[in-house]
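Open the model in your viewer and keep the selection tool ready. Each stop below says what to pick and what is there.

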Amino acid sequence: MTIDAWAQHPTARFLAQDMFASLRKWTGDAIPAGEIPLSATLAVMDAAGVDRALISAWSAPEGVLISNDEVAKWVAEAPDRFSGIASVDLRKPMESVRELRRCAEQGFVGLRVLPWLWEVPPTDARFYPLYAACVDLGIPFCTQVGHTGPLRSSEPGRPIPYIDRVALDFPELTIVCGHIGYPWTEEMIAVARKHENVVIDTSAYTTKRLPPELVSYLKTRSGRRKVLFGTNYPMIFPQHALAGLDELGLDDGTRALYLEGNARRVFGL
């Protein structure tokens, strides 16, 4: 079984955002006309053997690109294939906490906020009520680490000092660090080794582009429990992301944890 820890079922307004133009330059993808049916995302998952995807809402300074209610609707249409990840407006901390609690009551399994999107590091004070709420609700906080594909500052994605500081301040908080942290991958691994509740997902990177140091960490006794498979679909399709998996040399137990077991544990699936 395979679980995709970071995906989006994209709306037309999400795909049309100017901030993603640099990603389209890399992938060569054209913006499709109209809304994409849920069946299209399910077909992409089926083609790659992905059994479940954690699909994320997107709240941004530009507006709501994928709403929590849209995600809840899609999850309700295919509850055996999707789980929801909430998103909130960082500029309104208490309203965001209330929205997060509403989503958790509906079965959402995590919260994702991208520091680069708001142009502040994850140590900004407005994050802290959300961290406390995640601990209280027993759900992970998901974020991005490393450089940004969109033309925004990469500084908020540094694992050290930012993720390290948050993990020190909230040791009970599970932090899922997406996009592996490149070019600070070794920093990200160090932070994951240091903090029991910090894990890494491989979204936005294909198997063939995973840094050697991350693959080596994945094969260690501690690292096999700390790395989750993710795609960042639709930016990378799961079939493309998984190509070359057999060449990593993972034993059966590590492979099962990477593709499924770690996500089940971290998100309580």
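In which helix is the place of Glu260? Select helix H12, residues 252-267, and you have Glu260 in view. Bear in mind throughout that this is a predicted model. Now show side chains. Glu260 and Arg264 are joined by a side-chain polar contact of 2.7 Å. Setting aside residues up to four places away in sequence, Glu260 touches Met1 and Ile3.

**The nonpolar cores**

Keep Ile3 selected. Ile3 belongs to a core of 12 residues that lies apart from the largest nonpolar core. Add Leu54, Val176 and Val199, which are also among the members of this 12-residue core.

Then switch to the largest nonpolar core, which has 76 residues. Which of them touch the most other members? Pick Leu111, Phe141, Ile175, Val198 and Tyr258. Next, colour helix H3, residues 38-48: with five residues, helix H3 gives the most to this core.

Centre on Ile175. Beyond its neighbours within four places in sequence, Ile175 is in contact with Phe141, Thr143, Ile163, Val166, Ala167, Asn197, Val198 and Val199. Phe141 and Val198 thus appear twice on this tour, as contacts of Ile175 and in the list of residues that touch the most other core members.

**The aromatic rings**

Stay on Phe141 and add Phe127, Tyr128, Tyr131 and Phe170: these five residues form one aromatic cluster. How many aromatic pairs does the structure hold? The count is 11.

Take Phe14 and Trp58 for one of them. This pair is edge-to-face, 5.1 Å centre to centre, with 70° between the planes. Phe14 is in helix H1 (residues 12-15) and Trp58 in strand E3 (residues 58-60), so look for partners 44 residues apart, from distant parts of the chain. Buried or exposed, Phe14? Phe14 is buried, at 0% relative accessibility. Trp58 is buried as well, with a relative accessible area of 5%.

Go back to the cluster for another pair, Tyr131 and Phe170. The ring centres are 5.4 Å apart and the planes are at 65°, so this pair is edge-to-face. Tyr131 sits in helix H7 (residues 128-137). Phe170 is in the loop between helix H8 (159-169) and strand E8 (175-178). The two are 39 residues apart, and the pair links distant parts of the chain. Tyr131 is buried at 0% relative accessible area, and Phe170 is buried at 17%.

Now find Trp6. The charged end of Arg112 sits over the Trp6 ring, 3.8 Å from its centre.

**Asn68 and the cysteines**

Select helix H4, residues 68-77, where Asn68 has its place. Asn68 is buried, with a relative accessible area of 7%. Its side chain makes a polar contact of 2.8 Å with that of Glu99. Past four places in sequence, Asn68 is in contact with Ala57, Ile85, Ala86, Ser87, Glu99, Arg102, Cys103 and Phe108.

Move on to Cys103. How many disulfides does a search of the whole structure find? Zero. For Cys103, the nearest cysteine sulfur is that of Cys134, 11 Å away. Cys103 is buried, with a relative accessible area of 1%.

Finish at Cys142. Why is there no bond from Cys142 to Cys134? Its closest cysteine sulfur, in Cys134, is 8.1 Å away, too far for a bond, because a disulfide needs the two sulfur atoms within 2.5 Å. Cys142 is buried, at 0% relative accessible area.

Terms used:
Residues numbered from 1 in each chain as written. Predicted model: local features only at pLDDT ≥ 70, side-chain atom pairs only at ≥ 80, totals over all residues. Heavy atoms only, no water. Buried < 20%, exposed > 50% of the residue type's maximum accessible area, 1.4 Å probe, protein only. Helix = DSSP H or I, 4+ residues; strand = E, 2+ residues; numbered from the N terminus. Polar contact = N/O pair within 3.5 Å; in protein donor to acceptor, adjacent residues only side chain to side chain. Contact = heavy atoms within 4.5 Å. Phe/Tyr/Trp six-rings, centres within 6.5 Å; stacked < 30°, edge-to-face > 60°. Lys NZ or Arg CZ within 6 Å of the ring centre and 35° of its normal. Core = buried A, V, L, I, M, F, W, Y, C linked by side-chain atoms within 4.5 Å.
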